[in-house]
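The following exercises are to be solved with the sequence and the coordinates at hand. Each task is followed by a solution in steps.

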Amino acid sequence: MRHTVLLGIAGVLAAGAASAQQVPYPEGYRDWHHVKTMVLQPGHPLYQAFGGIHHIYANPAAVEGYRTGSFPDGAVIVFDLLETVEGDAAISEGARKVVGVMHRDATAFAATGGWGFEGFAAGDPATRAVGPGNGDACFGCHQAEAAPSFVFSRLRP
């Protein structure tokens, strides 16, 4: 099951070629600003590829972007996707499925709205699920959020 889920994530993330520039692994992201947490459950249209617990983190430049509506170069947003474990009337975090990254560089990633996209399978910095020429599949989904700089999440007041 876990292998199938990782292959599904890799397939969704690896479909295109927008830029040869690689998005770096976001070292220390769990110490950044926590934007939100959500759970995608069965029945959600993205469940097959992205079902589980999502924790969204933003570096200081991305927090500025959330507040102003304009994300500067150097802004990084991370979604930390974990399996869900259910028991004792609770949903808990299971194994890490992927660390998804949006990295803002308007010049390097001009073809994808100024954002580079990457996914690191199981959170392993050496296991890129998107790799060189990343972005088209990710950006295709994010285009629906063009008005707020292609970002789905919002800071909570």
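**Exercise 1. Classify the burial of Cys138 and Cys141, and decide how many disulfides there are.**

Step 1. Cys138 has a relative accessible area of 10%, so Cys138 is buried; buried means under 20% relative accessible area, exposed over 50%, and partly exposed in between, with a 1.4 Å probe and protein chains only. Cys141, at 38%, is partly exposed.

Step 2. The model is predicted: local features need pLDDT of at least 70 and side-chain atom pairs count only at pLDDT 80 or more, while totals for chains, interfaces and linings use all residues. Residues are numbered from 1 along each chain as its sequence is written, and side-chain values use heavy atoms, with hydrogens and water left out.

Step 3. A disulfide is a covalent bond between the sulfur atoms of two cysteines. The criterion applied here is a pair of cysteine sulfur atoms within 2.5 Å.

Step 4. For Cys138, the closest cysteine sulfur is that of Cys141, at 8.6 Å, which is too far for a bond. Cys141 is likewise in no disulfide. The count is zero disulfides.

**Exercise 2. Determine the geometry of the ring pairs that involve Tyr29 with Tyr25 and with Tyr57.**

Step 1. A pair of aromatic rings is described by the distance of the centres and the angle of the planes. Rings of Phe, Tyr and Trp (its six-membered ring) pair if their centres lie within 6.5 Å; planes under 30 degrees apart count as stacked, over 60 as edge-to-face and the rest as tilted.

Step 2. A search of the whole structure gives seven aromatic pairs. One of them joins Tyr25 and Tyr29, with 6.4 Å centre to centre and 75° between the planes, and is edge-to-face. Both of these tyrosines are buried.

Step 3. For Tyr29 and Tyr57, the centres are 5.5 Å apart and the planes are at 70°, so this pair is also edge-to-face. The pair links distant parts of the chain, 28 residues apart: Tyr29 lies in the loop between helix H1 (2–13) and strand S1 (33–40), and Tyr57 in strand S2 (residues 52–58). Helices (H or I, at least four residues) and strands (E, at least two) are DSSP runs, numbered from the N terminus.

Step 4. Tyr29 has 5% relative accessibility and counts as buried; Tyr57, at 7%, counts as buried too. Ring pairs link Tyr25, Tyr29, Tyr57 and Phe120 into a cluster.

**Exercise 3. Identify the buried residues of helix H3 and what they pack against.**

Step 1. Helix H3 covers residues 60–68, and Ala61, Ala62, Val63, Gly65 and Tyr66 are buried in it.

Step 2. These buried residues pack against S1, S2 and strand S3 (76–87), where contact means heavy atoms within 4.5 Å.

Step 3. Just after H3, Gly69 adopts a positive phi of about 85°.

**Exercise 4. State which elements supply the largest nonpolar core, and which one gives the most.**

Step 1. A nonpolar core is a set of buried Ala, Val, Leu, Ile, Met, Phe, Trp, Tyr and Cys residues joined through side-chain atoms within 4.5 Å.

Step 2. The largest core has 17 residues, of which Tyr66, Phe71, Ile77, Trp115 and Val151 touch the most other members. At least two residues come from each of S2, H3, strand S5 (115–121) and helix H4 (136–142). H3 gives the most, with four residues.

Step 3. Excluding residues up to four places away in sequence, the contacts of Tyr66 include Val35, Ile56, Phe71, Ile77 and Val151.

Step 4. A second, separate core of 10 residues includes Tyr29, Val76, Phe109 and Phe120.
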